[in-house]
Amino acid sequence: MISPLHHHSVTLTTLLTFVILPFCVDANKQVVLFAGPHSTGASSVEQFFHNFASGYNNAKTSKALDGWAWPRVQGNLGMKNANFERPKVFQYLVTHADNEKQQDILNTAIREAYGRANEGVILGTEEFDRIGETPSSHRNGLAAMEEVVNFLRVEPEDVWVILNYRTPRVEQWISHWKHMDNDPDYKEFLCDDYDRVWEMLDTGMNPLGLAQTIRHHTRWNVVLIDMVGVHDLGTDSSHVIACEVLGGTDCQGGFLAGRYNKTYHNNFVDKEFDGLDESQLDQLETLLRKRDCAYQEKLRQDHGFYVLHESTLWQGCDMKDPKGIYAKLKDTDVLLDLFQSQLECEDLKGNKMEDFLLSSDNYDALTAKKTLGQLQKEMAANEFENLEAFELDEDTKAGLSNGKTSPVTKTKGKDEDLSDG
């Protein structure tokens, strides 16, 4: 049984059922690991907490985050541009896992922050999304997170992994292309390096697969932030994390006190995309949404998986999936083959788009989102500003396990564009 020491305004969804997350636990410090993924505004989140929770710049450190620490890393890690790279320093936990000197510097900073924090420590990097097979980078984000948790000796129930969920899904995909260093055209990007694009599709482009893998291997808590729901409510992921995930923080109207206008849009690339026409983009969007649907049934029954401000997630999914298309799309070889078939890349495996995109598909339903009124109503119905203690009792857990859910009204319409950062 878990009881939080402090609480505040929380609007959370365990899939379609609203509950309150027990983020702050009596006598137990928490470890919060932000894991991106890539091209979902991760750099902006890292900049926010580096500025306001690390103590790195005393003029900016926010008292509203007292009790929480984003580790302040000191020492030479070989950074070429410290102003840009310092907030992103925890990528070295993944990218330079074999460099003992760098690991010692990072681990010392994390231990120090955890020791001085009353509530817990938060740190992150989009490189944590390198989970599973990584044939291009050969990196292991899960092992890096496990290393942090193990040397801090934190129990699984006190660990929280945060993932952003960006829609339209195809915009995240295009953002991957935009951020390529060698500036390829889209066909070069898609066709010339199979392992690289395969890894992108299997890791950062698959946040629900990441969530399921993390839950299966670690039993840590996983929190998914629906970025469209957050955007439509007028806030951003950084403030949602500060006010709704971290316990004991001082927030006003969903924003960190004193930092109402402090949001970041880092790492934005203004680059026109003309590699596919609109109908082809709609095909990719449908494929990606259908793959997301494949994770709904299992994750909705997982009491350690939570969704914040759910708006676009799992809209229009047909849980019967009579042709088994959702499950087939979990195979990244199949999904990438379909992507590459649009541009007739070499060495195609023969998967046909018409076998996965059916005449019965409802694109508007799959790409729907909740109205602002629905989001606000759900917030009002789940306001716990003065809650001092909460327990997810056994009756509640039993109800969730029996599949009891709240009805969700779907609203047609495409989602707004979001930053590429």
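This passage describes the fold, the buried cores and selected local features of a predicted model.

The protein comprises 18 helices and 10 strands. Of its 421 residues, 59% count as buried. Among contacts between residues at least 6 apart in sequence, 77% join residues at least 24 apart.

Strand β3 (residues 30–34) is largely enclosed by the rest of the structure, because 5 of its 5 residues are buried. The side chains of this strand are divided between two directions: Q30, V32 and F34 point one way, whereas V31 and L33 point the other way. Two partner strands pair with β3. With strand β5 (residues 120–124), the pairing is parallel and extends over 5 bridges, and F34 has G124 as its bridge partner in β5. With strand β6 (residues 159–165), β3 is joined by 4 bridges, again in the parallel sense; here L33 stands opposite V161.

A further parallel pairing involves strand β7 (residues 221–226) and strand β10, which are joined by 4 bridges. Within this pairing, L224 has V307 in β10 as its bridge partner. Strand β10 (residues 305–308) directs F305 and V307 one way and Y306 and L308 the other way, and all four residues are buried.

The largest nonpolar core contains 80 residues, and L33, F49 and I241 are those with the most contacts inside it. Helix α5 (residues 141–152) supplies the largest share of this core, with 7 residues. Apart from this core lies another, of 31 residues, which includes F189, M200, L281 and L336. Beyond its neighbours within four places in sequence, I241 is in contact with F34, V45, F49, I122, I162, I225 and L246. Of these contact partners, F34 belongs to the residues of β3 that point the same way as Q30 and V32.

Two helices, α8 and α15, were examined in detail. Helix α8 (residues 194–202) and helix α15 (residues 332–341) pack at an angle of about 115°, with their axes 10 Å apart. Their crossing is right-handed. At the contact, Y194, V197, W198, L201 and D202 of α8 meet T332, D333, L335, L336, F339 and Q340 of α15. These residues divide into 7 nonpolar, 2 polar and 2 charged.

Both helices are largely enclosed by the rest of the structure. For α8, this follows because 7 of its 9 residues are buried, namely R196, V197, W198, E199, M200, L201 and D202. The buried residues of α8 pack against α6, α7, α12 and α15. For α15, the enclosure follows because 8 of its 10 residues are buried. The buried positions in α15 are T332, V334, L335, L336, D337, L338, F339 and Q340. These residues pack against α6 (169–178), α7 (186–191), α8, α12 (278–293) and α14 (325–329). Residues of both helices also occur in the core of 31 residues, including M200 and L336.

Several loops carry notable backbone features. The peptide bond from G36 to P37 is cis, with omega near 0°, and P37 lies in the loop between β3 and α1 (42–53). A cis peptide bond also joins T167 and P168, with omega about -5°; P168 is located in the loop between β6 and α6.

The loop between β10 and α14 contains W314 and D321. Phi of W314 is near 60°, a positive value in a residue other than glycine, and phi of D321, likewise not a glycine, is positive at near 40°. W314 counts as buried because its relative accessibility of 9% falls under the 20% limit. D321 is also buried, with a relative accessible area of 16%.

Residue H96 is placed in the loop between α3 (92–95) and α4 (100–116). This histidine is partly exposed, with a relative accessible area of 31%. Excluding neighbours within four places in sequence, H96 is in contact with Q102 and Q103. The C-alpha atoms of H96 and R139 are separated by 9.0 Å, although the two residues are 43 residues apart along the chain.

Definitions and conventions:
Residues are numbered from 1 along each chain as its sequence is written. This is a predicted model: local features need pLDDT of at least 70, side-chain atom pairs count only at pLDDT 80 or more; totals for chains, interfaces and linings use all residues. Side-chain values use heavy atoms; hydrogens and water are left out. Axes are lines fitted to C-alpha atoms, for helices over the stretch in contact, and angles run from 0 to 180 degrees between N-to-C directions. A crossing is left-handed if the near helix is turned anticlockwise from the far one by less than a right angle, and right-handed if clockwise. Contact means heavy atoms within 4.5 Å. Ala, Val, Leu, Ile, Met, Phe, Trp, Tyr, Cys and Pro count as nonpolar, Asp, Glu, Lys and Arg as charged, and the others, Gly among them, as polar. Buried means under 20% relative accessible area, exposed over 50%, partly exposed in between (1.4 Å probe, protein chains only). Two strands pair if DSSP finds at least two bridges between them. A nonpolar core is a set of buried Ala, Val, Leu, Ile, Met, Phe, Trp, Tyr and Cys residues joined through side-chain atoms within 4.5 Å.
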